[in-house]
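Student: Could we take a close look at one part of this model? I'd like to go through it slowly.

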Amino acid sequence: MVNRVVVGAGYGLKDWIAQRATAVVMAVYTLILLATLGALGPSGFEAWRSIFSNGFMQFMTFLFFISLFWHVWIGVRDILMDYIWNDGLRLVLMIAVVAALVGYAGWAAKILWRL
Amino acid sequence: MATRTMQFKIYRYDPDKDNAPYMQDFSIEIDETDRKLLDVLTKLKAQDDTLSYRRSCREGICGSDAMNINGKNGLACLTEIKDLKQPVVLRPLPGLPVIRDLIVDMTQFFKQYHSIKPYLINNTPPPERERLQSPEDREELNGLYECILCACCSTSCPSFWWNPDKFVGPAGLLNAYRFIADTRDEATNERLDNLEDPYRLFRCHTIMNCVDVCPKGLNPTKAIGKIKEMMVRRAI
């Protein structure tokens, strides 16, 4: 294979939109969380548990984590694309990041639905 | 006539003679009539004719004398010397290979510019007279067609420093939008396809260094935003 510069992967827009959409989800969640904590002022484990065992809060919190991990993926991939110039190493690191984030998402779900 | 002395620190590099680039101090008497940095460079060149830089029109139209002036890219011919802090530090445009002193190799920059097909694409037979635009449609081209390709913006952009071979850069993208926005152009879809790429367009993270340095007061970030907006409208 000749070592020519190749560009034109033909993606990027979806990630650009997703980065913004996930940021909005996280901002909205932050407001909901602050309002909830402000209104209830939980003290102690049981009070905190009852907030997050509520179905709506569970859904929103899980949505927040999914948004966070998706947002992180786009951001970290951008950093890897800018600074890791070896294609093989970049691919390995990208796979490692995806693996870690998918694992975190599963872990987050496990914690939330155990409450 | 009153004269005063100005101090300069100028990047020197002659690959035929020097092992490495170095900064040379210059001191020069300037007259009241010397107003722009290029006036002083002309005097410095008379004092030391090995000092090399590009220049042509001396009025901000050709874009030849772009350089890094006290840490910020600009055109020597448009830079007032009275506003400059001394010693004035002059370096070549950052991120491009240096040919000699303040002269850089612009090949990469123009390669990116050519990659966006900077010409009108319209395959319908031309009318008897010119292809007309409404004044409103023509209005959209203002702030785009004025680009003189001096490379001040692209060489102040970290994304272009990291990926000059893959990222089109602010100058190229501003010109891409100039043709995307042109109602007489028929290749809008192909142009958007050409840019929908994680490197070519989406390396722009809107830090706006380009807007900060443009000697013509143009706004590449806004043009890039409009390209993204058109892509979004096309996709949803």
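Student: What pattern does chain A follow, read along the sequence?

Tutor: Bear in mind that this is a predicted model. Read from start to end, chain A goes α-α-α-α: it has four helices and zero strands. Its radius of gyration comes out at 19 Å, well over the 13 Å that the globule rule gives for 115 residues, so chain A is more spread out than a compact globule. You can see that in the box its C-alpha atoms fill, roughly 65 × 25 × 20 Å along the principal axes. Burial is worth a look too: just 5% of the 115 residues of chain A count as buried. As for contacts within chain A, take those between residues at least 6 apart in sequence; 73% of them join residues at least 24 apart.

Now for the largest nonpolar core, which has 54 residues. The ones with the most contacts inside it are all from chain B: Ala151, Leu173, Leu174, Ala176, Tyr177 and Ile227. Several elements of chain B each supply at least two residues of this core, among them strand S1 (3–12), strand S3 (66–69), helix H1 (37–47) and helix H8 (220–235). Helix H5 (169–180) of chain B is another of those elements, and H5(B) gives the most to the core, with seven residues. To zoom in on one residue there, try B:Leu174: leaving out residues up to four places away in sequence, B:Leu174 touches B:Leu144, B:Cys147, B:Leu218, B:Pro220 and B:Ala223.

Key: Residues are numbered from 1 along each chain as its sequence is written. Chains are lettered from A and ligands numbered from 1 in the order in which they are written. This is a predicted model: local features need pLDDT of at least 70, side-chain atom pairs count only at pLDDT 80 or more; totals for chains, interfaces and linings use all residues. The radius of gyration is taken over C-alpha atoms; the globule rule is 2.2 Å times the number of residues to the power 0.38. A residue is buried if 20 or more other C-beta atoms lie within 10 Å of its own, exposed if 12 or fewer, and partly exposed in between; C-beta atoms are placed from the backbone. Two residues are in contact if their C-beta atoms, placed from the backbone, lie within 7 Å. A nonpolar core is a set of buried Ala, Val, Leu, Ile, Met, Phe, Trp, Tyr and Cys residues joined through C-beta atoms within 7 Å.
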